[in-house]
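I opened this entry to look up how the cysteines are placed and how the strands are arranged. The notes below follow the order in which I went through them.

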Amino acid sequence: MDYQEVLDTVREKVTPLIGCGRVAQYIPALATVDASRFGMALATADGEVHGVGDWQHPFSIQSLSKVFSLALVLDRGGDQVWRRVGREPSGSPFNSLHQLERDRGIPRNPFLNAGALVVVDHLVSLTGDPTRAVLDLLRAETGNVDIKVDDDVAKSEAHHRHRNAALAHLIASYDNLTNPVEVVLDQYTALCAIVMSCDDLARAGRFLARHGRRRDGTRLLSRSNAKRLNATMLTCGTYDSAGEFAYRVGLPAKSGVGGGILAVVPNRCAVAVWGPGLDKSGNSCAGLAALDTFTTVTGWSVF
Ligand code: DON
């Protein structure tokens, strides 16, 4: 397979869609991002990396951080987290309060904002500093020591986090938060504000294509937990569009409102794509089209 040719073909086919959708408005620092950006990178399980377009341009990873927080919780023996958060697709928006109330403070899955707040709370208890732990992991897997939190995005989100604060307080009201609400919210907000490129993300996600094995050959996750994390991404990683995403792409994937999507082809590669314009569920419009085209061109899906 000529990976560079595949990426060039994908970019050519999605060119008419680059710029589609609407850039996230509810985090003011994200609302100014240029919608016409597009990048895609592919990191193979055995170490090759290829990219196209703005693949080395850093952007706000937002909910993509939820994959790495959950991986670290599972790595540190935090299986108990599954008593505090479910693993069913939500069919609801990623920041729904209504569903959390109906589920009596046990978020439906770890990739909803509510679920990620519980995961981050668990990681506070396990590590004391989830942001540091996630940054250490990302820097080690990518070799990029400059990966960091964008303080402007973090501050911007912190000023507009009323809904996440409401979710965290509701979870606490059901006794499903161990640490102070403000500590958990600050950590969650910082994690969402991490900045990475498609190049970084594809490298960082490679352990998911390697059954949990890290860049240095050691294990981040057991084979079983790597399967579970991929399965949860497939069913819950793209919110109330998880069905449509599976239908069109057929890969485990996680999206973020910064316009990034990280997808995994088990045994083969991790693919990261970025297009800041979002569809109504909060998934990158051009990113979804690019991954749809990618699995069509390569024939690589899990089905
Ligand atoms: O908490 C939030 O709402 C954002 N920081 C992250 C949401 C997000 O990326 C959902 N993704 N599609």
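I began with the cysteines and found that Cys20 and Cys285 form a disulfide, with their sulfur atoms 2.1 Å apart. This is a predicted model, and I keep that in mind for every value that I write down here. The count comes to one disulfide, taking a pair of cysteine sulfur atoms within 2.5 Å as the criterion.

I then looked up where the two partners sit: Cys20 lies in the loop between α1 and β1, while Cys285 belongs to helix α13 (residues 285-298), so the pair ties together parts that are 265 residues apart in sequence. For the handedness I noted a torsion about the S-S bond of Cys20 and Cys285 of about -115 degrees, and the disulfide is therefore left-handed.

Is each partner buried or exposed, or in between? I use under 20% relative accessible area for buried and over 50% for exposed, with partly exposed in between. Cys20, at 18% relative accessibility, counts as buried, whereas Cys285, at 22%, counts as partly exposed.

Next I asked why Cys192 has no bond to Cys236. The sulfur of Cys192 has its closest cysteine sulfur in Cys236, but the distance is 17 Å, which is too far for a bond. Cys236 is likewise in no disulfide, since the nearest cysteine sulfur, that of Cys192, is 17 Å away, against a cut-off of 2.5 Å. I also checked accessibility here: Cys192 is buried with a relative accessible area of 2%, and Cys236 is buried with 1%.

I turned to the strands after that. There is an open sheet of five strands in the order β2-β1-β8-β7-β6, and the pairing is antiparallel. The edge strands, each of which pairs on one side only, are β2 (49-53) and β6 (253-255). For the turn between neighbouring strands of this sheet I wrote down 10 degrees on average, with direction ignored.

Within the sheet I followed one pair in detail: β7 (residues 260-265) and β8 (residues 269-274) pair in the antiparallel sense over six bridges. To fix the register I looked up Val264, which stands opposite Ala270 in β8.

Last, I checked what lies across the strands at the β2 end of the order. Helix α1 (residues 3-14) lies across β1 (39-44) and β2, and α1 runs at about 25 degrees to β2. I close by noting that the loop holding Cys20 is the one between α1 and β1, and that both of these elements appear in this last entry.

Methods:
Residues are numbered from 1 along each chain as its sequence is written. This is a predicted model: local features need pLDDT of at least 70, side-chain atom pairs count only at pLDDT 80 or more; totals for chains, interfaces and linings use all residues. Side-chain values use heavy atoms; hydrogens and water are left out. Two strands pair if DSSP finds at least two bridges between them. Helices (H or I, at least four residues) and strands (E, at least two) are DSSP runs, numbered from the N terminus. Axes are lines fitted to C-alpha atoms, for helices over the stretch in contact, and angles run from 0 to 180 degrees between N-to-C directions. Contact means heavy atoms within 4.5 Å. Buried means under 20% relative accessible area, exposed over 50%, partly exposed in between (1.4 Å probe, protein chains only).
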